[in-house]
Amino acid sequence: MKELFDSVSNDCSKLVTKKYSTSFSLAVNMLSPKIRKDIYNIYGFVRFADEIVDTFHDFDKEKLMANFESDYYLSKELGISLNPILNSFQQTVNKYQIPDEMIQAFLKSMKADLYKAEYQTKEEYDAYIYGSADVVGLMCLKVFVDGDEKMYNELKDAAMRLGSAFQKVNFLRDLKDDFEVLNRSYFPNINLGELNAASKQLIIDEIEEDFNYAYTNGILKLPVEAKFGVYMAYRYYRRLLKKLKNVPSEKIMDTRIRISDPMKINLLARSYVKYKLNII
């Protein structure tokens, strides 16, 4: 009855998504039912790894991460894991032939958060974002194109740019916790303790370039099964960025930007109208 255990594992990844991110969960719910499960499975894996490095301060994070990684590879070898998150994720990895390079790049960035506090060069910054965000976009793209390598190659740059944009918005939104609680500074050559309007604008300009590229070269060209859900996530993060732009640089460390539930519903309704009218 492994089918029952696999079903329970998939339900666990779905529950993780719903509990940890109502916004992402809403976007996933706008995807075609046939691909939702695998996006939940990807999210569950990356969420647990992120929780290890960002949240479990009273535990041995290095040991937890090492066990998490080794347990994942054991699940790949055996085709099963008693950790339901890993069990569901390895199913998705195998189903869509997600390359191990992506998993390794992601885990490398997560492990960097255990010891690296500051990113001083653009090369370091780009490498971290590639592993923590770009490859997650690529994993999801593997699901969206369902084996169509031609489409994958056409859309992969846009998927990476969208992942980068989401991550950079998170960096900007979470400056206070990253800088004061976790003692991390991701943006190179920017003093977060004295963030000024010019430095903040540079970050925003970079994010908007990523968003514009991803929208034109990726979102508009996605398969119908994925387009509306990805567009919803895009609209949500663009609204976050708009709110961040309106916060003075000297106050951004003291402000936690959120999108209210009524605004999320408003975004959903307006996005759905555009989708149905073939505007996107």
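Start by selecting Lys122, Tyr125, Asp126, Lys168 and Glu206: of the 17 residues lining the second largest pocket, these lie nearest its centre. Keep in mind as you click around that this is a predicted model.

The pocket has a volume of about 350 Å³. Now colour helix H7 (122-145), helix H8 (149-173) and helix H10 (197-217), since each of them supplies at least two residues of the lining. H7 gives the largest share, with 6 residues. Colour the lining by class and you'll get 8 nonpolar, 8 charged and 1 polar residue.

Next stop: stay with H8 and bring up H11. The two helices pack at an angle of about 35 degrees, their axes 10 Å apart, and H8 passes H11 in a left-handed crossing. To see what meets what, show side chains for Leu162, Phe166, Val169, Asn170, Leu172 and Arg173 on the H8 side. On the H11 side, pick Val230, Ala233, Tyr234, Tyr236, Tyr237, Leu240, Leu241 and Leu244. This contact is made up of 12 nonpolar residues, 1 polar and 1 charged.

Last, go to isoleucine 257, in the loop between helix H11 (224-245) and helix H12 (261-276). Is isoleucine 257 buried or exposed? Its relative accessibility is 7%, so it counts as buried, the cut-off being under 20%. Leaving out residues up to four places away in sequence, isoleucine 257 touches Arg173, Leu240, Lys243, Leu244 and Val247. Try a distance label between the C-alpha atoms of isoleucine 257 and leucine 244: they're separated by 6.9 Å, with the two residues 13 apart along the chain. You've already met Arg173, Leu240 and Leu244, which take part in the contact of H8 with H11.

Conventions
Residues numbered from 1 in each chain as written. Predicted model: local features only at pLDDT ≥ 70, side-chain atom pairs only at ≥ 80, totals over all residues. Heavy atoms only, no water. 1 Å grid on protein atoms, 1.4 Å probe; cavity = no way out; pocket = protein on both sides within 12 Å on 5 of 7 lines; lining within 4 Å. Points joined across faces, edges and corners; volume = space filled by probe spheres on them. Helix = DSSP H or I, 4+ residues; strand = E, 2+ residues; numbered from the N terminus. Nonpolar A, V, L, I, M, F, W, Y, C, P; charged D, E, K, R; others polar. Buried < 20%, exposed > 50% of the residue type's maximum accessible area, 1.4 Å probe, protein only. Contact = heavy atoms within 4.5 Å. Axes fitted to C-alpha atoms, helices over the stretch in contact; angles between N-to-C directions. Left-handed = near helix turned anticlockwise from the far one by under 90°.
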